[in-house]
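Biologist: I am new to this structure, and I would like to understand how each label attached to it is earned. Could we go through the reasoning step by step?

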Amino acid sequence: MALTLGEIVAALGGELHGDPGVRIEAPAPLESAGPQQIGFLSNPRYRPQLAASRAGCVIVAPDLREPALARGACIVADDPYLYFARLTQLWKRTHARPDGPAIHPSAVIDPSAVLGQGVRIGPHCVVERGARLGDGTVLKARVHVAEDCTIGARCILHPGVVIGADGFGFAPGPDGFVKIEQLGTVRIGDDVEIGANTCIDRGALADTVVEDGVKIDNLVQVGHNCRIGRHTVISGCTGIAGSATIGAHCMIGGAAMILGHLTIADRVHISAGSFVARSISRPGLYTGIFPIDDNASWEKNAATLKQLHSLRERLKALEKKL
Amino acid sequence: MALTLGEIVAALGGELHGDPGVRIEAPAPLESAGPQQIGFLSNPRYRPQLAASRAGCVIVAPDLREPALARGACIVADDPYLYFARLTQLWKRTHARPDGPAIHPSAVIDPSAVLGQGVRIGPHCVVERGARLGDGTVLKARVHVAEDCTIGARCILHPGVVIGADGFGFAPGPDGFVKIEQLGTVRIGDDVEIGANTCIDRGALADTVVEDGVKIDNLVQVGHNCRIGRHTVISGCTGIAGSATIGAHCMIGGAAMILGHLTIADRVHISAGSFVARSISRPGLYTGIFPIDDNASWEKNAATLKQLHSLRERLKALEKKL
Amino acid sequence: MALTLGEIVAALGGELHGDPGVRIEAPAPLESAGPQQIGFLSNPRYRPQLAASRAGCVIVAPDLREPALARGACIVADDPYLYFARLTQLWKRTHARPDGPAIHPSAVIDPSAVLGQGVRIGPHCVVERGARLGDGTVLKARVHVAEDCTIGARCILHPGVVIGADGFGFAPGPDGFVKIEQLGTVRIGDDVEIGANTCIDRGALADTVVEDGVKIDNLVQVGHNCRIGRHTVISGCTGIAGSATIGAHCMIGGAAMILGHLTIADRVHISAGSFVARSISRPGLYTGIFPIDDNASWEKNAATLKQLHSLRERLKALEKKL
């Protein structure tokens, strides 16, 4: 349940300064790490924590080699955060307990579903007819993959995920709404991770598409006919309405809401809590949040906000007078 | 896996212009439909797409008969969108693969639950004691219907739906909060559809009520004691706090938030992302969204917003002076 | 299926004025309660309802003894709301139907999980290896407790809850994002209630912590490494991003969004729908909501909001002139 510094650099590379025989019990945050733990420093903001850290070893970038050495053992790596990510994977791998069965007996899998090599399906999952899971994909538990939906290779779907429920489509009729049957599917690329209780609806006519490398957090809703471009990251509680097209390498903050039938360009960043009501054609950071305040101040400002347009008119009138 | 134009109008009506023997492989969006596909045009905004469409047939309203004929085969229908909805149902019906068992053996159904005729219950559902499901209602998979809750006829509940979990009620006591047991139930009408992972809580004393024809999207929260009027539509990620009363024929946009203990009249439309903090007594469209902007502009405007009330006072003072 | 007033005060105390033999069929809201029902009045706002109530008995505070007596039977209690909460518990207890098995046979529980005395686990739950559930804790149905997570005593987890799914952590790499394995767990205290389909992610290195007495509503997301202080209440649809620290005795309104890596002091109240982007160090009520309006008014004001900073500059210029 421990690795030596020598074993770590043998597996992950990096330039070790210090005794390779030192045993490390766990990775830990820099500020709380003790002598049997290894921390990392990637954000220069936290550099003041370096000298004070009691960590047995610290992962740092080349430009921090000197202050790190002054403190004690270190591993110098070009990208300490990436190194740390790989270290967590090494940790998980070397400390893994024996796995249960690849396909849990309580999972309900249609005989027509196609499962790639090394697929793992946890308890109480449902994989409907015609669904396909790529090599090495993992459905943790209680995941639903509806009929004809396709998941790529090396994906991870966390508990409660629902892929391919019906999109939300109804036509008004004389006696209430008439259901538009959702005839499309969901197609998810490789290396996609989808958080707990997130829902991705099947397309109405065409498919809902999530491209390679997309990472989606918990409790996110992706409506029918959406397309999410490769390596885009979507944080928790976000809603994306139907037929939105989101570019590649976007970052969508938590609890954002994106309207349907619009297009967001590649490399757009949306701040958490923002509402996107129109297409965005240029990369950049976009925000729309009411700033929080003590309630009394908010009440006054919010009340005035309802007169804002008339305030502008009054200001204009004054300007004319002068 | 195809229908002829003749078979379509025989089943759904409408005025066919073109060869009834033409085989249609699938409905498709107008802009991407090919010669073996059928599209529709309901929104006049998309009329320019008509002439360019390669669709084997287009469903149009009577006033577009001429331009549609000029293009090729068409079906003229009074309400093309409704016709299209019924076409998707025809498609689903005629292409259905054989169903599995009506009640999946992995579902856990209390013997005291009452199931109507033609009820279908998918894998890993739970139906607790005293619950009732009306004729033809479908619980897709992993749906929870808690004790004594009632679901009407022809409802569809998608995976992960939770009906009748405890409402959120606690009284402050000397040693922390004391649970208020939720003694009511949930009563859902006929023809209601409820999206994946949506939750509708049971009432505290009386019942939470969802009337006939209501359509609720994914990841929606309906608090205890709410009443949702007939044929109201609620889009995804919306939250409705306890004891809210929402009228009939309302449309609630996605990620809206509606406070509790208020009343919304019939035929009120709430824009997506809006926060409803007070009752609304007149039909109409209501909105409250901070407009998104590039982050730098937003920062300046949001900072100024915190002084808005004092700006108004300064403007007033200027006006007095002049 | 009824209790006499005498039985109620024997169990819960309080000063009964009226015939102890009167049979009460159910607690009910004051405004709709009939002669076989018992209501309560705690909010002085509703005092006008007292005289008009047809309830068989009313629970009131000492200062309402006289008007309550003038109306009919009453129970005088120091805290009528708390009394009412305990009455609902008495009701539930005395009307309980026989329980099913403590551990439902469809639940999947790892043999290494440790279950306290009186634990109840409903259908289709999953409890992974190394997980621990304290005495008297209840997993209603379809609850997921991931490996090594700890739940205290007397907790209630509603259907669809996911405890200990991976936190959302990725490092950018040359070929896309690299997963940061989440090596921490979730530790939940005693007397915690967690609503349907809520997710609490496991920590990245350290643990995510929810302290004693916390109450969390439905569809809430708690990110990795968060700490929620004791007796804090979090309403539905709220999102709390990773590494946020929330104090004790806070009240977080529904659909609030709290950014990560910030600290909120004890006894802070956040209004529903507010976005918290910075730490809050003093108790109080904080709000940030765009006020809803009819759509036409909103459009004018929202458009002007995008010029707010420049309006301020124009106002300043005018002030200088004068």
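**How the labels are earned**

Modeller: In this predicted model, strand 36 of chain A and strand 35 (residues 284-287) of chain C run antiparallel and are joined by two bridges.

Biologist: What makes strand 36 of chain A and strand 35 of chain C a pair?

Modeller: Two strands pair if at least two bridges are found between them, and two bridges join strand 36 of chain A to strand 35 of chain C, so by that cut-off they count as paired. Within this pairing, A:Asp294 stands opposite C:Tyr286 in strand 35 of chain C.

Biologist: Where else do strands of two chains pair, and in which sense, parallel or antiparallel?

Modeller: Strand 35 (residues 284-287) of chain A pairs with strand 36 of chain B, in the antiparallel sense and over two bridges. There A:Tyr286 stands opposite B:Asp294, which belongs to strand 36 of chain B.

Biologist: How many residues take part where chain A meets chain C, and which elements supply them?

Modeller: The contact takes 57 residues from chain A and 57 residues from chain C. On the side of chain A that touches chain C, at least two residues each come from helix 4 (80-94), strand 36 (293-294), helix 5 (295-305) and helix 6 (308-321) of chain A, and helix 4 of chain A gives the most, with nine residues. Sorted by class, that side of chain A has 27 nonpolar, 17 polar and 13 charged residues.

Biologist: What does the contact between chain B and chain A take from each chain?

Modeller: That contact takes 57 residues from chain B and 57 residues from chain A. On the side of chain B that touches chain A, helix 4 of chain B gives the most, with nine residues, and the classes there are 27 nonpolar, 17 polar and 13 charged residues.

Biologist: Why are chain A and chain B described as related by a rotation axis?

Modeller: Chain B can be laid on chain A with an RMSD of 0.1 Å by a turn of 120 degrees, with a shift of 0.0 Å along the axis. The two copies are therefore related as by a three-fold rotation axis.

Biologist: What scores does the model carry, and what is the mean pLDDT of chain A?

Modeller: The model scores ipTM 0.96 and pTM 0.97. For chain A the mean pLDDT is 96, and 100% of its residues reach 70 or more.

Biologist: Which residues have the most contacts inside the largest nonpolar core?

Modeller: The largest nonpolar core has 211 residues, and those with the most contacts inside it are A:Val276, B:Val276 and C:Val276. Apart from its neighbours within four places in sequence, A:Val276 is in contact with A:Ala256, A:Met257, A:Ile258, A:Leu259, A:Ile270 and B:Ile292. There is also a second, separate core of 35 residues, which includes A:Leu205, B:Ala28, B:Ala55 and B:Cys74.

Biologist: Why is C:Arg267 called partly exposed?

Modeller: A residue is buried with 20 or more other C-beta atoms within 10 Å of its own and exposed with 12 or fewer; C:Arg267 has 16 C-beta neighbours inside 10 Å, so it counts as partly exposed. C:Arg267 lies in the loop between strand 32 (263-264) and strand 33 (268-270) of chain C. Leaving aside neighbours within four places in sequence, the contacts of C:Arg267 are C:Gly247, C:His249, C:Cys250 and C:Pro283.

Biologist: What makes strand 9 and strand 32 of chain A edge strands?

Modeller: Eight strands of chain A form an open sheet with parallel pairing, in the order 9-12-15-20-23-26-29-32. Strand 9 (114-115) and strand 32 (263-264) of chain A each pair on one side only, and they are the edge strands. Within chain A, three bridges join strand 20 (residues 186-188) to strand 23 (residues 208-210), and these two strands run parallel; A:Val186 stands opposite A:Thr208 in strand 23 of chain A.

Biologist: How do you know that both faces of strand 5 of chain C are covered?

Modeller: In a regular strand the side chains alternate between the two faces of the sheet. In strand 5 (residues 37-40) of chain C, C:Gln37 and C:Gly39 on one side and C:Ile38 and C:Phe40 on the other are all buried, and both faces are thus covered. Strand 5 of chain C also pairs in the parallel sense with strand 4 (residues 26-27) of chain C over two bridges, and three bridges join strand 5 to strand 6 (residues 57-60) of chain C, again parallel.

Methods. Residues numbered from 1 in each chain as written. Chains lettered and ligands numbered in written order. Predicted model: local features only at pLDDT ≥ 70, side-chain atom pairs only at ≥ 80, totals over all residues. Contact = placed C-beta atoms within 7 Å. Helix = DSSP H or I, 4+ residues; strand = E, 2+ residues; numbered from the N terminus. Nonpolar A, V, L, I, M, F, W, Y, C, P; charged D, E, K, R; others polar. pLDDT = per-residue confidence, 0-100. Core = buried A, V, L, I, M, F, W, Y, C linked by C-beta atoms within 7 Å. Least-squares fit on C-alpha atoms with pLDDT ≥ 70 in both.
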